[in-house]
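I set out to record what I looked up in this structure, entry by entry. The notes are meant for someone opening it for the first time.

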Amino acid sequence: MFKNADPLAIAILTIYAIALVVSVIVLAVGFWLIRKMYRRMLARKQRFAGLIATLTFLMLVVLVKVIFSMVL
């Protein structure tokens, strides 16, 4: 792929790409679970369903930031 590139740079880019894929998967699955939880909470007429879903989404974003901070 990169003929004259430093092997360390290739390794770092590969790790970064893997972290990006993992983060996208975590966001997609997490967002799906949050939507499922929110709909179930609305069906039961539970109070603060939107607040709980919003805070859960913010925790998911923080998790993705932690994944990137571990990589970088």
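The entries below cover a helix, its partner, two ring pairs and two single residues.

**Entry 1. The model.** I noted at the outset that this is a predicted model.

**Entry 2. Helix α2.** I began with the extent of α2, which runs over residues 49-71. I found that α2 has 23 residues and reaches 34 Å from its first C-alpha to its last, close to the 33 Å expected at 1.5 Å a residue. I then asked which residues of α2 are buried. The list consists of Ala49, Ala53, Leu60, Val64, Ile67 and Phe68. I looked up what these buried residues pack against, and the partner is α1. Several places in the list recur at short spacing, and I recalled that an α-helix has 3.6 residues a turn, so residues three or four places apart point the same way.

**Entry 3. Aromatic pairs.** How many aromatic pairs does the structure hold? I recorded 2. In one of them, the ring centres of Tyr16 and Phe68 are 5.7 Å apart and the planes stand at 45°; the pair is therefore tilted, as the angle is neither under 30 degrees nor over 60. Tyr16 belongs to helix α1 (residues 7-43) and Phe68 to helix α2, so this pair links distant parts of the chain, 52 residues apart. Tyr16 is partly exposed, at 36% relative accessibility, whereas Phe68 is among the buried residues of α2.

I turned next to Phe31 and Phe57, whose ring centres lie 6.1 Å apart. Their planes meet at 75°, so I entered the pair as edge-to-face. Phe31 is in helix α1 and Phe57 in helix α2, and the pair thus ties together parts that are 26 residues apart in sequence. Both rings belong to partly exposed residues: Phe31 has a relative accessible area of 42%, and Phe57 has 34%.

**Entry 4. Ser23.** Is Ser23, a residue of helix α1, buried or exposed? I found Ser23 buried, with a relative accessible area of 3%. Leaving aside residues up to four places away in sequence, Ser23 touches Val64, Ile67 and Phe68. I had already listed these three among the buried residues of α2.

**Entry 5. Thr56.** I located Thr56 in helix α2. Thr56 counts as partly exposed, at 27% relative accessibility. With residues up to four places away in sequence set aside, Thr56 touches Ile34 and Met37. I also looked up Leu33, which is 23 residues from Thr56 along the chain; their C-alpha atoms are separated by 9.9 Å.

Notes: Residues are numbered from 1 along each chain as its sequence is written. This is a predicted model: local features need pLDDT of at least 70, side-chain atom pairs count only at pLDDT 80 or more; totals for chains, interfaces and linings use all residues. Side-chain values use heavy atoms; hydrogens and water are left out. Rings of Phe, Tyr and Trp (its six-membered ring) pair if their centres lie within 6.5 Å; planes under 30 degrees apart count as stacked, over 60 as edge-to-face and the rest as tilted. Helices (H or I, at least four residues) and strands (E, at least two) are DSSP runs, numbered from the N terminus. Buried means under 20% relative accessible area, exposed over 50%, partly exposed in between (1.4 Å probe, protein chains only). Contact means heavy atoms within 4.5 Å. The expected span of a helix is 1.5 Å times one less than its number of residues.
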